[in-house]
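Colleague: Please take a close look at how one pair of helices packs. Then place that pair's chain beside its partner.

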Amino acid sequence: MTILWIFSGVALITAVILLPVVSSQRKSIELLRNEIKALQSDTELIGISKEIFGSQQPKIDAISRAFPDEETIIRFIGELETILKADTIENTFQVTDAPISESGKLYLLYTISGKAEFGKFTKLLSDIEKMPYLTHILSISLRTPDGFTKTVEYSFQMKVYVKNPFSIR
Amino acid sequence: MNLLPGFIVPNIHFFGLSIDRMTIRAVELSPQGAVRTYAEVAIDENTFADATLVKKESFIQALKALVSQGRFSTTYVSVCFPEAYAYTREHSVPDMEKEDIDEAVAWKVKDLFPLPEDDIYYDWKRLDAKDGQVHIGVVGIQKKTLDSLVDAIIASGLKPLRFEPDASAVARLIGLKPQQYGLVTEVNKRSASVTLVEGEKSLFTTVVTYGKTDTPVAFLENITASLEDIAKYYTNKGMLRKDNTKVIVTGEIGSREWADYMAKRVAYPIQILSTPVGNSAYNKAYASAAETMSPPQDDSSINLMPRDVQEIYDESWRISYVQSLALRSLIGLLIICAIPFVVLVSVLMQKEKLAKESAVLQSVIKSQDASIGQVTILNGKLESLLALAPLKKTPASHLAQLAALTPTGIHISQLEYDDSKQLYTISGTSSDRTTLLAFRNALESSKKFTKIVLPLSSLESEANSDFSMSFVGVSSL
């Protein structure tokens, strides 16, 4: 009977000691479960993102191209020159040495001037608008000694937004 | 404690032992009631004399040989002995509590049996109750008969739990109801007996011996004659009728041939008693093994177990009961102690598993950081795109519209455009004031331009006047 009492006491003490431990471990498990749920949700999002990247790649590429970087800016310049040659009689352009920062966005400031038929000049503006880059014409100055029907002297400033960061080489 | 081991501990297992004049037989059944094993050993014809065991040693050896042969799984045994050793009586007492009937029977014993009260063991059982009276069957046996048997059985290593006359066991096996009669005819090689049984109690027994000078035909004739005499006597008393009586044939040579022969002489239907053993010689041992065990105190069965043997069992049972209880309690406590540990281990294992799962997911997500970066960059680009897209619009269409609206008399020599205000400023010459005003109105009417400012100084001259004008382009977005 003594052994029975001893065992009863041991059983009781064991239960009293271990129950809080078990309880705290169960809380930890609950936290882990919640964390796993969040992680699973993130994993699903990543999966969905990958799918979107896969299926919408052409559009994503187009978005990426809208901001030329230090490599693709060359292509932009080439395209701009092509348009200028096509639409103007003569042209010169200047560009800032380094991108200018504005509210976290970087842009290169172009100053383009030259001569062109008035109609070709408006076409030049339209062609710039159609370019797959983010451009913004800030100001235009036209001298039209012969009115809008003949050659005009033009000068305009244009922002070309570039990728941030943009390194200068 | 007045309980037998088998009464309290329900899983106690025993086998049935039948003792005959020349043979001992045993049958063990499985818990499901199937025959597990059986065995028989011959004993000397003179082992018993005057219903007393006289060759104790040879009997003990026979019992040991029987146990060895049968390989029984238990040492507990239920014993049935020849009906001829017992005395069976009927008695009626008022319907009382069991203890009161016990006392009433104790007072009556000396009148019921032809032996001194101190020389017999007895037990009783309820048969039926009617009109406030209980009809009981009282069975007695000489102490010297049972004591010698008990001593030999215990000496052989067995533990007897029950003693009863064999006719009682067979009657129980037949399952006769009260007011139903059976003429139990046991035919053995060297002896036979005819017992009249009503329900489960035997009323009368006669023994037929196969004498040295007898022929088999004479032996058969003697048995049949005894059966006829008993049947005729009790038929004449009005007890036996064709609808309530049958002859039951059992024993070593209780065959169909015997039954057919007796059928010509006895008017009652004859039944060969058979058991799953498949050998009628084992009927009594089977009957003894088949019935559930009850202690002598049970008032629904006969058990002539001597009180002192029962007390030994009771003490043994008490000790084993306490030991068993203590052991089970300890096991229970150990389980209770173990449960929190098991739960803790289980919880820790679960936690470990979840932590691993979490680590795997984190690793997967970390490996996809490039994808997340791509999404972030793309998102930034999209935001910029949405914010800057409206600025991409150039004043090309406004300039074309302005050119179209400029009349012949207006010569524009300079144009300035400020995109931050969408403001156009033009200067030039006008052929006359009317044309200039018409130009102004045309711009206003076009809905492409608004806030047109034409300074009054530009209108001072009637003709060929210089002018300047400003206006704001209306956004078509």
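Modeller: A crossing is right-handed if the near helix is turned clockwise from the far one by less than a right angle, and left-handed if anticlockwise. This is a predicted model: local features need pLDDT of at least 70, side-chain atom pairs 80 or more, while totals for chains, interfaces and linings use all residues. Residues count from 1 along each chain as written, with chains lettered from A and ligands numbered from 1 in written order.

Start with helix 2 (residues 56–70) and helix 4 (residues 143–155) of chain B (helices are DSSP H or I runs of at least four residues, strands E runs of at least two, numbered from the N terminus). Their axes lie 9 Å apart, at an angle of about 45° (lines fitted to C-alpha atoms over the stretch in contact; angles run from 0 to 180 degrees between N-to-C directions). So helix 2 of chain B is oblique to helix 4 of chain B (not under 35, over 145 or 65 to 115 degrees). The two cross right-handed.

Helix 2 of chain B brings Lys56(B), Phe59(B), Ile60(B) and Leu63(B). Helix 4 of chain B answers with Ser148(B), Ala152(B), Ile153(B) and Ala155(B). Contact requires C-beta atoms, placed from the backbone, within 7 Å. By class, six residues are nonpolar, one polar and one charged (Ala, Val, Leu, Ile, Met, Phe, Trp, Tyr, Cys and Pro are nonpolar; Asp, Glu, Lys and Arg charged; others, including Gly, polar).

Now the partner. In chain B, 52 residues are in contact with 55 of chain A. Helix 9 of chain B gives the largest share of that side, 22 residues.

Definitions and conventions:
Two residues are in contact if their C-beta atoms, placed from the backbone, lie within 7 Å.
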